[in-house]
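Student: Please take a close look at the aromatic pairs in this model. I would like one connected account of them.

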Amino acid sequence: MNDWISSEPAHQPAEASRSQAAWRRTEQLLAQGRWDEARAWIAKVLAADPDDALQLLALAECEFGLENYEEARRILSRLKGLIGPEAILYRLESRLDLAQGKPRDAQRSALAAVSADPADADNHVALARCACARQDWEAMESHLRHALSLEGEHAEALHLLSIAQNFQGRTDDAQETAHKLIGLDPESSTGHSVLGWASLHAGDRATAENEFRESLRIDPTSPGARAGLLESLRARNLPYRAYLGWNRFMNGLSGSTRNALVFGLLIGMNLLSRVRGGMLGALASAAVFLYFAFVMWTWVAPGVGNLFLLASGTTRRLLRQEETLSAIFVGGAFLAGFLVSASVLMTGSAFSVYGGGALLFSAIASSLWIGNEHPTGKWVYAAAAFGVPLTMLATLLGFTTWGRHFSMAFLVLTIAGSFRVLRR
Amino acid sequence: MDLDSLREAARLSPDNVPLLKLLARAELEAFNLENARRALESLLDLAPDDSMVTALKSDLDNLRALLSGTAQPSTSAPAAPRSEISSAPARPIAPETPETPGLDDIDAMLADVERSQGGRPRVTFADVGGLDEVKQDIQSRILHPLKNPEMYRQYGRQAGGGILLYGPPGCGKSLLARAIAGEIDARWMEVGIHEILDMWVGNSEKNLHALFEEARAKAPTVLYFDEIDALAADRQDMRRTAGRTTINQFLSELDGSTASNEGVLVFGATNSPWHLDPAFRRPGRFDRILFAPPPDAAGREAILTILLRNRPQEAIDLKKLAKKSEGFSGADLKAAVEGACDTLLSEAVRTGKAPPALSTSVLLDAVGRTKASTRGWFETARNYALHANHDGQYDAILSHLGIKP
């Protein structure tokens, strides 16, 4: 046997063998999304050859996966110096731009990828991702169709196409695309997940729940499938379904139409609230009340939905910490506020009106507190969620039972305390 | 000059090369390998070309190899066997760091405490802090059959087999496996993936076979595969057929298709049991699965005691520290203790005074600054336990998290 085709050459460079073994492990880790471990292995190989483009590209992927975007960008520019303007580099750059909230730059990078290699379906998928970020579903579908014309079984293109169809309200098409994806790979977690979303939007909650569970069985870390499972469980309640329907309707609209609708409704309600007396006045008041109730519902619906999940032993364990918090402070405060406010019909007490109002206010402030990612925002809304209703209640109690001086002192102390907390 | 005085002198004069040489030699002679290593590290920084430093390093490596019963100084892996692969090209060099660098250091450090002869670890369950439930489970399911093989043979059961240890990184999986070997006085063979994986077709399989053959020849043996998911990855995740043949060979060795595995206890340790090929969990393979959780309060106390040994300290309230370090792995505790030492040393450099002894408050501060590395692992593990808990294999995780299976 010739040496050059032998599986055991006379001399094997240990360094090369070590690199090869390390790369084999790196490939495994990359496929499993274990970025930090993969990074450690890549570093070992790069120590021997710092200009290994394949390893550098894998390293950029790892940094992207670990959300070290600037580091990934630095590696990309080094790679451009090493291998020139390759489409794969522009694609990764486009993903980086999207992750960093720069949709225009992302579009530019994706276009550069397409012009570098127009026959590569991946580049058109990159363009579709940019359209997705702009919520331009028609453009997204068009790019994906182009990608699929180049590579009919492109899994990511099919996955995104199903999403685009879903957002355009074409749930039947979305389901068909998802089935095609599952047909290509029955163990595709994303396939089952998009089928779940399409089924949920089509109102088939049982199928949606099953598909999300199947998706999670295959990949328990899938965030889309987890969110979908929780949505399908919350959608067991009619009011939550109304909220989902509204969301779906709004998502189907373009940005400008959506804004026009919101402002139109606001102006309409303002005009209606000026109508006084007679049957028309009563109808106008009812419409305004329903409008505000609905607006409030859109704030608190996820929290109330979580409260229902928290109440059930089988679904409780699916909730994460922030979801449990929203169940208690948003859902709980809303439900309590609603009951206390409704009790005014039986008691006619001012306490019910103020108490109910305070709790409903607290529910909205809590939804802003829990959903807020900015530390100061969290503090402000948490202070509002607890401080304002407590102050209102204490003031009311003070006025009705303990005397005005005490309640005023309490009011001042609470406000001063809130400022102190905020300053800290 | 006694050892304590030498240490104190070296502490006050950390750049004194002759003093450090004396200390390293004294630590070596007292078998304090970890301390010797530390002194040597300083020496290698200060005088890397000094012939006596090189000699000391060589002595340390030899002593370590001798104590762990292996002939490869920089790892605790078994010596390269064996006529079967003698014609094969040189095997890759094992890395000097573990797969996830730093996380399993605590195991290595604790392993240095063991005194072994002929590859038989002297570490026993008494040396493993905490993990009482796991130890009890091991006693009844693993050790009893191994200590009473005749009884089990009469009932058609075989001692040995495969055990999968999983849990967050840095939580003493390898120490536990080593302690099991110590309990049954079995030979210890630790295998890293670099010793198996080879770029040439067929060599990885040969390496695996040779390892099993050696383990069978020297039974009773504990064969320990660290990061087993690298060798036994789910075949659906594999892009290459080469990896698949290694898996098939591994399965065949576990099944004992070519020779009996009587007396060979195969341990696999992993942080990612969900990435293992399901075929490995079938009966006769890794059919006993043990969860090694982060150390409980007693375990953390024990680890802290070891970590604080030989460091200047006041009366430390270990209970308080253990309470505040809930969820910490051994590696996290080590990071906290080292962080506390660094704080004192930086302060000493700034003020020009001798550093004070470690106190409870300094250690509590350091614990407060250290993030428990097991949290991320449990977030992932929770998802697997909730959504992919086939046959209750992750019930232990749910139970640890206080969720009803």
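**Aromatic pairs**

Tutor: Both B:Trp377 and B:Phe378 are buried. This is a predicted model, and the two residues serve as a starting point for its aromatic contacts. Over all chains, the structure holds 23 aromatic pairs. One of them is formed by A:Tyr240 and A:Tyr243, with ring centres 5.2 Å apart and an angle of 55° between the planes, which makes the pair tilted. The cut-off for edge-to-face is over 60 degrees and the one for stacked is under 30 degrees, so an angle of 55° falls in the remaining class. In sequence, A:Tyr240 and A:Tyr243 are three residues apart within helix α14 (residues 238-252) of chain A, and therefore about one helical turn separates them. A:Tyr240 is buried, and A:Tyr243 is buried as well.

Back in chain B, the planes of the B:Trp377 and B:Phe378 rings meet at 90° and the ring centres lie 5.0 Å apart, so this pair is edge-to-face. B:Trp377 and B:Phe378 also belong to one aromatic cluster, together with B:Tyr166, B:Trp274, B:Phe291, B:Tyr384 and B:Tyr394.

To sum up the two pairs: A:Tyr240 and A:Tyr243 are tilted at 55°, while B:Trp377 and B:Phe378 are edge-to-face at 90°. The members of the chain A pair are buried, and so are those of the chain B pair.

Terms used: Residues are numbered from 1 along each chain as its sequence is written. Chains are lettered from A and ligands numbered from 1 in the order in which they are written. This is a predicted model: local features need pLDDT of at least 70, side-chain atom pairs count only at pLDDT 80 or more; totals for chains, interfaces and linings use all residues. Side-chain values use heavy atoms; hydrogens and water are left out. Rings of Phe, Tyr and Trp (its six-membered ring) pair if their centres lie within 6.5 Å; planes under 30 degrees apart count as stacked, over 60 as edge-to-face and the rest as tilted. Helices (H or I, at least four residues) and strands (E, at least two) are DSSP runs, numbered from the N terminus. Buried means under 20% relative accessible area, exposed over 50%, partly exposed in between (1.4 Å probe, protein chains only).
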